[in-house]
Amino acid sequence: MIYNLLPFGKHSDSGFGLFAKTFMSAARVLEKEKKTNYAFGYEDFTICYLYRHSIELFLKSVIILLHKYFEVKISENDSSSKPLYRNTNGKIINLHNEHDLASMFHYLISLCNTYAKQINHITGTYDWPFYNMSYLSDMLLVSEYDKGSDYFRYPSSKNQLHDEEKELVKQTLNGNEFVEEYIVASNGEHLTLETYDKHGETISLYEMTGSEKIDNIREIMKKYGNDLELFHIAIRHFMFNDI
C-alpha cells in the first residue's frame, strides 16, 4: 500500500489503520506459529490482545474516515488531532481515550445505517454486516471481558469476575511435603506436572487445560477483525483513493 510509505500526518486517518494492520498481522503470525509449533501455555492471551487492539484501531480508523468523507462534526472542537465520537451514553469522547469496543461498534453501526445507501453505492457492496444491530451482540461479549483493554495484558485486571478464567492450571491433587522430584508429561492435548516426595510418593498433581470461553472470544475477534479490515480497505480505496 502506497500510503504505508507516507508520514502519519499524510494518512486520511492519521495512521490508525496502518497500526491496526500491524497488530492484525502480528496476531496472524503468532497464531500460525502456534499451529505449526505448538507451545503449551498462555500465548493465546497475547494473540487475543493483538486481535483486540487491531479491532480497536480499525474501529477508530473507520469512524475517522467516515466522519471525514461525510463531513460529520460531533462538536466544534472536533479535529484531526482530537477526533470525537458520541458513546452509547450520549457523551462526547475523544477517540484517543476510548477503549470500549462495544461502544465504538455501536456508533459505527449507527453511521453505517445513516449513510448505508452512499456506502453501498461507493463500495459497490451491499452485504456489509455492520448495518444489523444483531452483529453487536458478540462485540458486547468481548467488552464484557475486556472493556478497558487490560484483560488480555495482565494476569489480573479490572474485571475480577472473569479473571479466574485466565488460570489454565488446575491442581487436582494437593500435598505439603517437600518436592524431591517432578515429571512433566503431555498427552498431546494437555500438560501435567506431577511432583514426588523423597519416598517416591505423588504429593501434587497439576494439569494445564485450555479455556473454551477464551477460545470463543479469540475466534469472535478474529472474524470481526477480518471484516473490519476488509471494510477499512474498501473505504480507503473508494472514498480516499488510497492504493
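**View 1. Ser157 sits in the loop between helix H5 (136–146) and helix H6 (160–163).** This is a predicted model, and our tour of it begins at this loop residue. With 12% relative accessibility, Ser157 falls under the 20% cut-off and therefore counts as buried. Look next at its side chain: one of its polar atoms lies 3.1 Å from the backbone nitrogen of Asn159. Setting aside neighbours within four places in sequence, you will find Asp150, Tyr151, Asp163 and Lys166 in contact with Ser157.

**View 2. The largest nonpolar core brings together 60 residues.** Seven of them touch the most other members: Leu66, Phe105, Leu108, Ile119, Phe130, Phe152 and Phe231. Two or more residues apiece come from helix H1 (16–36), helix H2 (43–69), strand E1 (84–86), helix H3 (101–114), helix H4 (116–123), H5 and helix H7 (212–240). H2 gives the largest share of this core, with 15 residues.

**View 3. Phe105 is one of the core residues that touch the most other members.** Leaving out neighbours within four places in sequence, Phe105 is in contact with Leu59, Phe130, Tyr135, Leu136, Met139, Tyr224 and Leu228. Phe130 deserves a second glance here, as this contact of Phe105 is also listed among the core members that touch the most others.

**View 4. Helices H2 and H3 pack at an angle of about 35°.** Two packed helices are described by the angle between their axes and by the distance between those axes. For H2 and H3, the axes are 10 Å apart, and H2 passes H3 in a left-handed crossing. On the H2 side, the residues to pick out are Arg52, Ile55, Glu56, Leu59, Lys60, Val62, Ile63, Leu66 and His67. They meet Leu101, Met104, Phe105, Tyr107, Leu108 and Leu111 from H3. By residue type, this contact of H2 with H3 holds eleven nonpolar, one polar and three charged residues. Leu66, Phe105 and Leu108 may look familiar: they take part in this helix contact and are among the residues that touch the most other members of the core.

**View 5. Stepping back, the chain holds seven helices and six strands.** Followed along the sequence, these elements give the pattern α-α-β-β-α-α-α-α-β-β-β-β-α. Of the 243 residues in the chain, 46% are buried. Among contacts between residues at least 6 apart in sequence, 62% join residues at least 24 apart.

Terms used: Residues are numbered from 1 along each chain as its sequence is written. This is a predicted model: local features need pLDDT of at least 70, side-chain atom pairs count only at pLDDT 80 or more; totals for chains, interfaces and linings use all residues. Side-chain values use heavy atoms; hydrogens and water are left out. Helices (H or I, at least four residues) and strands (E, at least two) are DSSP runs, numbered from the N terminus. Buried means under 20% relative accessible area, exposed over 50%, partly exposed in between (1.4 Å probe, protein chains only). A polar contact is a pair of N or O atoms within 3.5 Å; within protein, one must be able to donate a hydrogen and the other to accept it, and residues adjacent in sequence count only if both atoms are side-chain atoms. Contact means heavy atoms within 4.5 Å. A nonpolar core is a set of buried Ala, Val, Leu, Ile, Met, Phe, Trp, Tyr and Cys residues joined through side-chain atoms within 4.5 Å. Axes are lines fitted to C-alpha atoms, for helices over the stretch in contact, and angles run from 0 to 180 degrees between N-to-C directions. A crossing is left-handed if the near helix is turned anticlockwise from the far one by less than a right angle, and right-handed if clockwise. Ala, Val, Leu, Ile, Met, Phe, Trp, Tyr, Cys and Pro count as nonpolar, Asp, Glu, Lys and Arg as charged, and the others, Gly among them, as polar.
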